[in-house]
Amino acid sequence: MLPTKSSLQIGELAAGQALTLPIYHFKPSDAKATGPKVYIQANVHGAEVQGNAVIYQLMKQLEHCDIRGEITLVPLANPLGINQKSGEFTLGRFDPITGVNWNREYLNHSIDLPTWYREHAHLSDVELVQAYRSTLVEACQQKLRTEWGITTGHRLAVNLQAMAHQADIVLDLHTGPKSCKHLYCPEYDLAAAQFFSIPYTLVIPNSFGGAMDEAAFCPWWQLSDVAKAQGRDLAVAVSALTLELASQERVCLEDALVDAQGILAYLSHRGVIAETVAPAKMSRFGCYLKDYKKYHAPSSGLVEYLAPVGEPLAAGQPLVNLLRLDLYGTADELKTLTLPLDCVPILHFASASVHQGTELYKVMTNLFELPISNRQPS
């Protein structure tokens with residue numbers, strides 16, 4: 001079954017042209033199907049295009065699936081960032097008007113949850129979830145209608161967030177600069193990581209940092225905590241994860257199919273599709289966000305990146321060579337830099353020319369192995 005297509009206007013250019021998003025919908029053929037609703041977006045950052053290839057491969061697979069829950073897919077989610085080019089490079093990571101990261105523009109809901117919960121505590125769990133979902137969506141709509149107006153970046157982000165709040169599962173597809181695949185997963189939902197074709201998982205706390213995954217799951221995690229404080233065991237109703245699909249400025253359809261299969265395995269596990277799709281057999285490792293370390297350049301220079309991303313690096317092993325031609329003939333002309341502890345480099349800066357203080361690498365430390373799913377193909 002082919003998806004239906006719609007569009008959403010999320011702004012206007014200075015000359016009056018409308019900014020619109022293409023949106024694809026898969027709906028169950030059985031109107032009585034009650035599978036979870038899914039929202040998937042890609043390319044919020046202009047150079048991070050591989051997620052579009054994954055959505056393409058995923059839709060090709062979904063055409064042949066028995067859909068049990070509505071699936072909404074938004075490729076090309078940021079037309080401003082995608083078209084923010086300078087020569088051969090795409091600069092679409094930051095809003096050029098405000099300088100803010102496009103993925104830090106989402107609404108941090110300021111709902112008085114203890115009061116809201118007391119007013120709705122008489123509802124059943126299903127009714128409570130419906131009421132809270134309506135509250136979150138309406139808060140987004142109020143933000144978009146504010147009489148003082150909002151920035152271009154907020155208008156884009158809050159429109160995306162309003163769609164995401166209507167789903168039970170939210171997947172945000174990104175890439176790093178030069179990166180291996182990794183997954184951002186909230187601590188309460190760590191079991192979800194075993195289904196994706198991704199070897200490394202960052203376990204994140206209940207803290208809003210501005211990104212889509214946090215905008216989607218933090219309100220529900222907070223509601224669950226408030227309910228538990230009142231003696232009610234209320235599960236966190238929404239799963240939201242960020243998939244980092246290797247490096248930016250890269251499209252690989254073959255690799256995209258691998259990641260689409262991983263998403264299908266998760267959707268199969270959640271009952272969104274009727275087919276049984278087994279996750280890839282692979283080792284998966286986790287790291288808590290507090291153990292995700294950034295290494296900054298101690299001085300400027302030209303960088304030779306020596307540590308491959310996604311491969312263990314022992315303490316004291318070479319991380320980068322830092323070349324300073326202005327210091328040729330001195331002891332500082334070439335330095336090999338190392339780290340003081342074992343780690344796995346996850347991503348590194350894209351440029352080989354850096355200022356002092358540039359974030360050269362992000363590395364995972366204190367890794368632990370994740371459990372392996374027992375699901376088998378039917």
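Colleague: Which elements each supply at least two residues of the lining of the largest pocket?

Modeller: In this predicted model, they are β6 (89-90), β7 (169-176), β9 (182-186), α6, β11 (239-247), β13 (292-296), β17 (344-348) and β19 (359-364). Strand β19 gives the largest share, four residues. The lining comprises 42 residues, and those nearest the centre of the pocket are Glu48, Arg93, Gly176, Pro177 and Gln248. The volume of the pocket is about 1,200 Å³.

Colleague: What makes a space a pocket or a cavity?

Modeller: The test is whether a 1.4 Å probe can get out: in a cavity the probe fits but cannot get out, while a pocket is an open set of points. Rolling a probe the size of a water molecule over the atoms shows where empty space is left. The structure holds two cavities of 30 Å³ or more, and the largest of these has a volume of about 40 Å³.

Colleague: How do the residues of the lining of the largest pocket divide into nonpolar, polar and charged?

Modeller: There are 16 nonpolar, 15 polar and eleven charged residues. Among those nearest the centre, Glu48 and Arg93 are charged because Glu and Arg belong to that class, and Pro177 is nonpolar because Pro is listed there. Gly176 and Gln248 are counted as polar, because the polar class takes the residues outside the other two lists, Gly among them.

Colleague: What lines the second largest pocket?

Modeller: Its lining has 22 residues, of which Lys37, Arg133, Gln166, Ala167 and Asp168 lie nearest the centre. At least two residues of the lining come from each of β2 (18-26), β3 (38-42) and α4 (125-145), and α4 supplies the largest share, five residues. By class, eleven are nonpolar, six polar and five charged. The space in this pocket is about 590 Å³.

Colleague: Which residues line the largest cavity?

Modeller: They are Leu107, Asn108, His109, Phe208, Glu214, Ala215, Cys218, Pro219 and Gln222. Five are nonpolar, three polar and one charged. Glu214 is the charged residue, because Glu is on the charged list.

Colleague: How do you know that the lining of the second largest cavity has no charged residues?

Modeller: That cavity is lined by Val129, Trp220, Leu223, Ser224, Leu234, Ala235, Val236 and Ala237. The charged class holds Asp, Glu, Lys and Arg, and none of these appears in the lining, so the charged count is zero. Seven of the residues are nonpolar and one is polar. Helix α6 (residues 212-229) gives the most to this lining, with three residues, and the cavity holds about 30 Å³ of space.

Colleague: How do you know that the span of helix α7 agrees with its 18 residues?

Modeller: The expected span is 1.5 Å times one less than the number of residues. For the 18 residues of α7 (253-270) this gives 26 Å, and the end C-alpha atoms are 25 Å apart, so the two values agree. Just after the helix, Gly271 takes a positive phi of about 80°.

Colleague: Which residues of α7 are buried, and why are they called so?

Modeller: They are Asp255, Ala256, Asp259, Ala260, Gly262, Ile263, Leu264, Ala265, Tyr266, Leu267 and Ser268. They are called buried because each has under 20% relative accessible area. The elements covering them include β3, α1 (50-62), β4 (71-74), β7 and β11.

Colleague: Why is Pro3 called partly exposed?

Modeller: Its relative accessible area is 21%. Buried requires under 20% and exposed over 50%, so Pro3 falls in between. Pro3 is found in the segment before β1 (4-12). Beyond its neighbours within four places in sequence, Pro3 is in contact with Tyr24, His25, Phe26, Met59 and Glu63. Pro3 and Glu63 are 60 residues apart in sequence, with their C-alpha atoms 7.4 Å apart in space.

Colleague: What makes β16 and β18 edge strands?

Modeller: The open sheet has four strands in the order β16-β15-β14-β18, with antiparallel pairing. Strands β16 (334-338) and β18 (353-354) are its edges, as each pairs on one side only.

Colleague: How do you know that β15 and β16 pair?

Modeller: Pairing requires at least two bridges, and five join β15 (318-323) to β16, so the two strands pair. Within this pair, Val320 stands opposite Leu337.

Definitions and conventions. Residues numbered from 1 in each chain as written. Predicted model: local features only at pLDDT ≥ 70, side-chain atom pairs only at ≥ 80, totals over all residues. Heavy atoms only, no water. 1 Å grid on protein atoms, 1.4 Å probe; cavity = no way out; pocket = protein on both sides within 12 Å on 5 of 7 lines; lining within 4 Å. Points joined across faces, edges and corners; volume = space filled by probe spheres on them. Buried < 20%, exposed > 50% of the residue type's maximum accessible area, 1.4 Å probe, protein only. Contact = heavy atoms within 4.5 Å.
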